[in-house]
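Subject: Structure for your review

Dear colleague,

Please find below the structure that I am handing over to you. I would be grateful if you could look through it alongside the notes that come after it.

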Amino acid sequence: MRDKNIVIIGAGYAGLRAARKLGKYNSARVILINKDDVHVRLSEIHEVAANRVEPDGVAVPIRGCISSGASFVKTVVSRVDFEHKQVFTGTGPIGYDYLILAIGSEPEFFGISGMKEHSFTLWSLDDAMRIGAHIEKMFTAALKKRDAQKRKELLTFVIGGGGLTGVEMAGELAESIPCLSKRYGVPQGEVSLIVVEALPDILPVLKPNLIKKARKVLESKGVQLMTNSPIMKVDSTGLELKSGEKIAARTLIWTGGVRGNTFIEKLGLPIGGRGRIKVNEYLQTTHPDVYAIGDCAHIVVDGAPVPQQVEVAFQTADCAAHNIMADIRGYDKKKYRPKIYGTVVSIGRRYGIADFGTISFTGLFAIMLKRLFDIHYILSLGCFRLTLEYVAHRIFRKR
Ligand SMILES: Cc1cc2nc3c(=O)[nH]c(=O)nc-3n(C[C@H](O)[C@H](O)[C@H](O)COP(=O)(O)OP(=O)(O)OC[C@H]3O[C@@H](n4cnc5c(N)ncnc54)[C@H](O)[C@@H]3O)c2cc1C
């Protein structure tokens, strides 16, 4: 008999996985809440931003992914009353016995003047579609300008941040620029693509020899890399670096930082690094019946914070689901131990870098590995049909 209510807020990788796991048990009613009725695979949205993959190639209807033991409510959660165990939503309050917070993260602007107002962020499907449309608009507008300086400003695309997201975005964009130049009749030589990074090098998570390869590939695709170059100020005409250098550009895609969802601040729970919810080793917040998983949780294991990535979202979902069922059925809870196998980064469609510590791969094989990971993630959400759609979008329906 399903006599316990488990409410999950957020249907990203973490929340959806937890809903699938918990929906299989017949001792609880699972209610999954999300702002939109689609689950977005955030780790692929740069492909949409660069106009290669259609938006529905990274978004799937949530109702088609959850098991029969779970129900889905499309609404926004505005508040949680932990004392009376109620979640307040746009469609009314929902009571819970156990609550899982899986509300993800947001871009961090580090207080850089004008960054929030004048940059494009890459943290939702809407963001990606906005970037895709804006890039095409810049090419159209450039065609109408006779003034060389104005054309240059329109055709300069800057990516702020040379981490994984920034490099993946740069790789995709570098490959779409020749197509756009051809389509709009704009000489490719007039287009600039720049990655601006505050640190001494890009991709600090990779080994030095792999960073060197990434630099070489990006540069061979025409990407200009500016390292040791913190952005100090942004306005509608461009950006200014710490050195005082100004870059005139109408497009700055900001990928320089990530923090917990601002909704977390309203919850009144203890907050850890970068605005995320502090949890214990069982992923419980200060309320033992409330868990936080995925990007929104600040998890420290052996003194180090656990990174925000898909693998962690899945693993924390599995651990929280286990611990809730352990509580209901009276068996032992598990401590969360992260298993991070490595990093795989794509630089465009055909080149990847996979760093697994003792072993690494580059080129087409690494990109195939990345695709296999994507498929593994999709299969982990339990739907074979989604895997077929993933393949179809990347082979038959790519732009
Ligand atoms: C461009 C990009 C590339 C990336 N590449 C990789 C990669 O290659 N490998 C990797 O491992 N990771 C990658 N990541 C990181 C990875 O996507 C995240 O770690 C992962 O999405 C975290 O999953 P999550 O479920 O915690 O949060 P999310 O996927 O962000 O899901 C949170 C959900 O909560 C919902 N929500 C939030 N607030 C509310 C509310 N108040 N009410 C209702 N619903 C709400 C949101 O709508 C959303 O659906 C990338 C991220 C980006 C943006």
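The notes below describe a sheet, a helix that lies across it, and a hairpin.

Please bear in mind that this is a predicted model.

The sheet is open and consists of 5 strands in the order 5-2-1-9-21, with parallel pairing. Strand 5 and strand 21 (290-292) stand at its edges with a single partner strand each, so one side of each has no neighbour in the sheet. On average, neighbouring strands are turned by 20° against each other, direction ignored.

Strand 2 (residues 28-34) has 5 of its 7 residues buried. Strand 2 is joined in parallel to strand 1 (residues 4-9) by 6 bridges, and isoleucine 8 has leucine 32 as its bridge partner there. Strand 2 also runs parallel to strand 5 (residues 70-74), with 5 bridges between them; here valine 30 is partnered by alanine 70. Towards the other edge, strand 9 (residues 98-101) and strand 21 are linked by 3 bridges, and leucine 101 stands opposite alanine 292.

Helix 1 (residues 13-23) forms a right-handed β-α-β unit with strand 1 and strand 2. Helix 1 lies across strands 1, 2, 5 and 9, and runs at about 165° to strand 2.

Turning to the hairpin, strand 25 (residues 343-346) and strand 26 (residues 352-355) pair in the antiparallel sense over 4 bridges. Valine 344 has alanine 354 as its bridge partner. Between the two strands lie 5 residues, and glycine 348 in the turn has a positive phi of about 85°.

Yours sincerely

Terms used:
Residues are numbered from 1 along each chain as its sequence is written. This is a predicted model: local features need pLDDT of at least 70, side-chain atom pairs count only at pLDDT 80 or more; totals for chains, interfaces and linings use all residues. Two strands pair if DSSP finds at least two bridges between them. A residue is buried if 20 or more other C-beta atoms lie within 10 Å of its own, exposed if 12 or fewer, and partly exposed in between; C-beta atoms are placed from the backbone. A crossover is right-handed if, with the strands pointing away from the viewer, the path from the first strand over the helix to the second runs clockwise. Axes are lines fitted to C-alpha atoms, for helices over the stretch in contact, and angles run from 0 to 180 degrees between N-to-C directions. Two residues are in contact if their C-beta atoms, placed from the backbone, lie within 7 Å.
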